Amino acid sequence: MKYLSLDWIDAMSASVAANTDLQALAADITFGVTHVVRGNDLEPSTTIHQRIARYLEASAIRYAHHDLVVSSDGAKLSKSQGTARLELTDSLRDDVMSRA
């Protein structure tokens, strides 16, 4: 596996979004994540994650995106908003995995 140069990491950390992408991908690689399921609003960052992972020669992570899940008042449900997590039922898991 390749390693990122410190200059490259410093350049990435200049952007909060890029730093968040790098942190998320590093955690996924470290913990051996094979599948990531997230909202369509995060789909643009998927390409970034895939390119960095390829550069690092890390194992491929499969991504699936779903429509945003919102509360009864229309607010986005997400970890960043501190909302409750969703339980993944067997049927929902099968549906999501078929998209990845």
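In which helix is the place of aspartate 21? Aspartate 21 lies in helix α2. The legends below describe a predicted model.

**Figure 1. Overview of the protein chain and its elements.** The protein chain holds four helices and two strands. Read from the N terminus, the order of elements is α-α-β-α-β-α. The chain has 100 residues, and 23% of them count as buried. Strand β1, helix α3 and strand β2 together form a β-α-β unit. That unit is right-handed.

**Figure 2. Strands β1 and β2 run parallel.** Strand β1 covers residues 35-39. Strand β2 covers residues 62-66. Five bridges join β1 to β2. Glycine 39 stands opposite histidine 66, a residue of β2. Histidine 65 also belongs to β2. Its C-alpha lies 5.7 Å from that of valine 37. Along the chain, histidine 65 and valine 37 are 28 residues apart.

**Figure 3. Helix α3 and its two sides.** Helix α3 spans residues 43-55, 13 residues in total. From first C-alpha to last, α3 reaches 19 Å. That is close to the 18 Å expected at 1.5 Å a residue. Five residues to look for are Ser45, Thr46, His49, Ile52 and Ala53, the buried residues of α3. Viewed down the axis of α3, these buried residues fall within an arc of 135 degrees, so they line one face of the helix. On the other side of α3, the exposed residues are Pro44, Arg51 and Arg54. Isoleucine 48 is also placed in α3. Its relative accessibility is 35%, so isoleucine 48 counts as partly exposed.

**Figure 4. Aspartate 21 of α2 beside two residues of α3.** Is aspartate 21 buried or exposed? Aspartate 21 has a relative accessible area of 11%, which means that this residue is buried, since the cut-off is under 20%. Aspartate 21 and histidine 49 are 6.7 Å apart, C-alpha to C-alpha. In sequence, 28 residues separate aspartate 21 from histidine 49. Histidine 49 is one of the buried residues of α3. The C-alpha atoms of aspartate 21 and isoleucine 48 are separated by 7.5 Å. Along the chain, aspartate 21 and isoleucine 48 are 27 residues apart.

**Figure 5. The largest nonpolar core.** Nine residues make up this core. They are Leu22, Leu25, Val36, Ile52, Ala53, Leu56, Ala58, Ile61 and Tyr63. Helices α2 and α3 each supply at least two residues of the core. Helix α2 covers residues 16-30. Ile52 and Ala53 also appear among the buried residues of α3. In soluble globular proteins, nonpolar side chains tend to be buried together.

**Figure 6. Histidine 65 contacts threonine 46.** Histidine 65 is found in strand β2. At 16% relative accessibility, histidine 65 falls under the 20% cut-off and therefore counts as buried. What distance goes with the polar contact between the side chains of histidine 65 and threonine 46? The polar contact between these side chains is 2.8 Å. Thr46 is one of the buried residues of α3.

**Figure 7. Aspartate 67 contacts asparagine 40.** Aspartate 67 is found in the loop between β2 and α4. Helix α4 covers residues 90-99. Is aspartate 67 buried or exposed? Aspartate 67 has 60% relative accessibility, over the 50% cut-off, so this residue counts as exposed. A polar contact of 3.1 Å joins the side chain of aspartate 67 to that of asparagine 40. From C-alpha to C-alpha, aspartate 67 and asparagine 40 are 5.6 Å apart. In sequence, 27 residues separate aspartate 67 from asparagine 40.

**Figure 8. Glutamate 57 in the loop after α3.** Glutamate 57 is found in the loop between α3 and β2. This glutamate comes just after α3. What sign does phi of glutamate 57 have? Phi of glutamate 57 is positive, near 55 degrees, in a residue other than glycine.

Definitions and conventions: Residues are numbered from 1 along each chain as its sequence is written. This is a predicted model: local features need pLDDT of at least 70, side-chain atom pairs count only at pLDDT 80 or more; totals for chains, interfaces and linings use all residues. Side-chain values use heavy atoms; hydrogens and water are left out. The expected span of a helix is 1.5 Å times one less than its number of residues. Buried means under 20% relative accessible area, exposed over 50%, partly exposed in between (1.4 Å probe, protein chains only). The arc is that of the directions from the helix axis to the C-beta atoms. A polar contact is a pair of N or O atoms within 3.5 Å; within protein, one must be able to donate a hydrogen and the other to accept it, and residues adjacent in sequence count only if both atoms are side-chain atoms. A nonpolar core is a set of buried Ala, Val, Leu, Ile, Met, Phe, Trp, Tyr and Cys residues joined through side-chain atoms within 4.5 Å. Two strands pair if DSSP finds at least two bridges between them. A crossover is right-handed if, with the strands pointing away from the viewer, the path from the first strand over the helix to the second runs clockwise.
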